[in-house]
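Thanks for pulling up a chair. Let's go through this one together, one question at a time.

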Amino acid sequence: MLVLAVAIHNIPEGMAVGVVYAGWRAGNTGITMMGALALSIGIAIQNFPEGAIVSMPLCAQGMGRRKACFWGIISGAVEPLAAVITILLSGSLIPVLPYLLSLAAGAMFYVVVEELIPELSEGDHSNLGTIMFAAGFTLMMALDVALG
């Protein structure tokens, strides 16, 4: 169930990357290669803890480390697949690129606001979670400014 939930969560992330690269490839002047790279790097960075979120509970339930790692990787494998499918589909659907990007961004914001932020503020370690949220946000803003 956990692997499936994370895999479903990764689909909009892949869509976001795919839409940005498709927009850049189509010559959209508002999208730069460096901006697309910044998004890809940001999503790649946050995929490491997602893999751990899948793998660590599986290990705790008695699954071997290699097999748990495998399922962590599989849960993230849908992301590049979703990106490629989005790029392929958007090539013939250039007029709807802004809507696809909005859909992907909205899905990601929904997950953050509905699931992650409330969970972040619970428990004994809420201060650390808040600090890490701020650090992650700052990193993404720095990447956005530095890479265009």
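Q: What share of the area that the protein exposes do carbon and sulfur atoms supply?
A: Keep in mind that this is a predicted model. The protein exposes about 9,600 Å². Of that area, the share supplied by carbon and sulfur atoms is 74%.

Q: Which elements make up the secondary structure of the protein, helices or strands?
A: Reading from the N terminus, the elements run α-α-α-α-α. The number of strands is zero, and the secondary structure comes to five helices.

Q: How far apart are the centres of the positive and negative side chains?
A: There are two sets to place here, with 4 positive and 9 negative side chains. Taking the centre of each set, the distance between them is 22 Å.

Q: What does helix H5 reach from its first C-alpha to its last?
A: H5 covers residues 126-147, which is 22 residues. At 1.5 Å a residue, 32 Å is expected. The model comes close to that, with a reach of 31 Å.

Q: Why do the buried residues of H5 line one face of the helix?
A: The buried residues in H5 are Ser 126, Gly 129, Leu 143 and Leu 147. Seen down the axis of H5, these buried residues line one face because they fall within an arc of 110 degrees.

Q: Which exposed residues does the face of H5 turned away from its buried side carry?
A: Buried residues of H5 include Leu 143 and Leu 147, so the face to look at is the one turned away from the side they line. That face carries the exposed residues Asn 127, Ile 131, Val 145 and Ala 146.

Q: Is Ala 38 buried or exposed?
A: Ala 38 is found in helix H2, residues 33-60. Its relative accessible area is 5%, and the cut-off for buried is under 20%. Ala 38 is therefore buried.

Q: Which residues is Ala 38 in contact with, leaving aside its neighbours within four places in sequence?
A: Ala 38 belongs to H2, while Leu 143 and Leu 147 are buried residues of H5. Both of those leucines are among its contacts. The full set is Met 140, Leu 143 and Leu 147.

Q: Is Leu 100 buried, partly exposed or exposed?
A: Leu 100 lies in helix H4, residues 97-120. It touches Met 15, Val 19 and Ser 90, not counting residues up to four places away in sequence. Its relative accessible area is 22%, and buried would need under 20% while exposed would need over 50%. Leu 100 is therefore partly exposed.

Methods:
Residues are numbered from 1 along each chain as its sequence is written. This is a predicted model: local features need pLDDT of at least 70, side-chain atom pairs count only at pLDDT 80 or more; totals for chains, interfaces and linings use all residues. Side-chain values use heavy atoms; hydrogens and water are left out. Helices (H or I, at least four residues) and strands (E, at least two) are DSSP runs, numbered from the N terminus. The expected span of a helix is 1.5 Å times one less than its number of residues. Buried means under 20% relative accessible area, exposed over 50%, partly exposed in between (1.4 Å probe, protein chains only). The arc is that of the directions from the helix axis to the C-beta atoms. Accessible areas come from the Shrake-Rupley method with a 1.4 Å probe; for residues, only the protein chains shown count as cover. Lys and Arg count as positive and Asp and Glu as negative; His and the chain ends are not counted. The place of a charge is taken as NZ of Lys, CZ of Arg, CG of Asp or CD of Glu. Contact means heavy atoms within 4.5 Å.
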